[in-house]
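Please work through the exercises below with the structure open beside you, trying each task before reading its solution.

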Amino acid sequence: MKKILIINGHPNAESFNFGIAESYQKGAIISGAVVQTITIANLNFNPNLQFGYQKRTELEPDLVESWEKIKRADHLVWIHPVWWGGLPAITKGFIDRLFLPGMAFQYRENSVWWDKLLKGKTAHIITTLDQPSWYYRLFYGRPSVNQLKKSTLEFCGIKPVKVSYIGIIKGSNEEQRKKWLEKVYSLGLKNK
C-alpha cells in the first residue's frame, strides 16, 4: 500500500485548495492508499527560521509530528496557491523550519556537495493560479515551482516531482471547478 501525505499550504480553510485536497484524498483512499494530511495553517509553530542554520531552534510538537508524517510517506502531495509568484508565507515558513540539514539533506564536510536524505520519495505539486499556466511558465518562469520542486524537494532527493496547474481560479464558475475537482480525484485514484 502506498503511503501518501497531502500537505495543504493554503491559510484559508474556505479556499478552493481545501476542496482540491479533499478530492485528492477521496481518490487516494478509494485506491487503497494510506493517506495522512497536514494542514499547515492549523499547526502551532513559528514560521521564522530565526537563526538560519547557525543555531538550531527546537521544533514545536506540531512540526515534530509533521516531520514524522513526511518520513513515513512514500508520496508527498503539495497543494498551494501561487501568490506574488511564490508560496504563501506560512508554507515557506513550514519548509524553512523542517527541511533542515541533518533531516532533509546533509552538507558534506569540505565539499560543495550534499547528501539527499529524502531519496526514495516522490511528489506532486498541485498549484492554483489566477492566470493561465502557460503565462506563468513563459513570462514569469514559474518561480513557486522552481522553489518547491527544484530548490527544495529535488535538492533533498525527492524524485520525480510532477506539477499540475489549476486555474484560472478567479472568475471560475461552478462547472469549471467541478471539472478540476474530478481531475484531482483522478490523480488521487492513480496515486500521482
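**Exercise 1.** Which are the buried residues of helix α3 (residues 89-98), and which elements do they pack against?

*Solution.* Keep in mind that this is a predicted model. Begin with the cut-off, since a residue is called buried when its relative accessible area is under 20%. In helix α3, the buried residues are T91, G93, F94, I95, R97 and L98. Next, look for the surroundings of these residues: the buried residues of α3 pack against the strands β1 (3-8), β2 (34-39) and β3 (75-81), and also against the helices α2 (61-72) and α5 (143-154).

**Exercise 2.** In what order do the five strands of the open sheet stand, and which strands are at the edges?

*Solution.* Follow the open sheet from one side to the other, and the five strands appear in the order β2-β1-β3-β6-β7, with parallel pairing. The edges are taken by β2 and β7 (161-167), and because each has a single partner strand, one side of each is left without a neighbour in the sheet. From one strand to the next, the twist averages 15°. Now examine one pair in detail: β1 and β2 are joined in the parallel sense over six bridges, and the bridge partner of I7 in β2 is I38. Finally, place helix α1 (residues 16-30), which lies across β1, β2, β3, β6 (122-129) and β7 and runs at about 175° to β1.

**Exercise 3.** Where in the chain are the cis peptide bonds from K159 to P160 and from G167 to I168 placed?

*Solution.* As background, most peptide bonds are trans. The bond from K159 to P160 is cis, with omega near -10°, and P160 belongs to the loop between α5 and β7. The bond from G167 to I168 is likewise cis, with omega near 20°, and I168 is found in the loop between β7 and α6 (174-189).

**Exercise 4.** N110 has a positive phi, and N191 has a positive phi; is N110 buried or exposed, and is N191 buried or exposed?

*Solution.* Most residues other than glycine have a negative phi. For N110, phi is near 55°, and this residue sits in the loop between β4 (105-107) and β5 (114-116). Exposed requires over 50% relative accessible area, and N110 therefore counts as exposed at 77% relative accessibility. For N191, phi is near 60°, and N191 lies in the segment after α6. With a relative accessible area of 14%, N191 is buried.

Technical notes:
Residues are numbered from 1 along each chain as its sequence is written. This is a predicted model: local features need pLDDT of at least 70, side-chain atom pairs count only at pLDDT 80 or more; totals for chains, interfaces and linings use all residues. Side-chain values use heavy atoms; hydrogens and water are left out. Buried means under 20% relative accessible area, exposed over 50%, partly exposed in between (1.4 Å probe, protein chains only). Helices (H or I, at least four residues) and strands (E, at least two) are DSSP runs, numbered from the N terminus. Contact means heavy atoms within 4.5 Å. Two strands pair if DSSP finds at least two bridges between them. Axes are lines fitted to C-alpha atoms, for helices over the stretch in contact, and angles run from 0 to 180 degrees between N-to-C directions.
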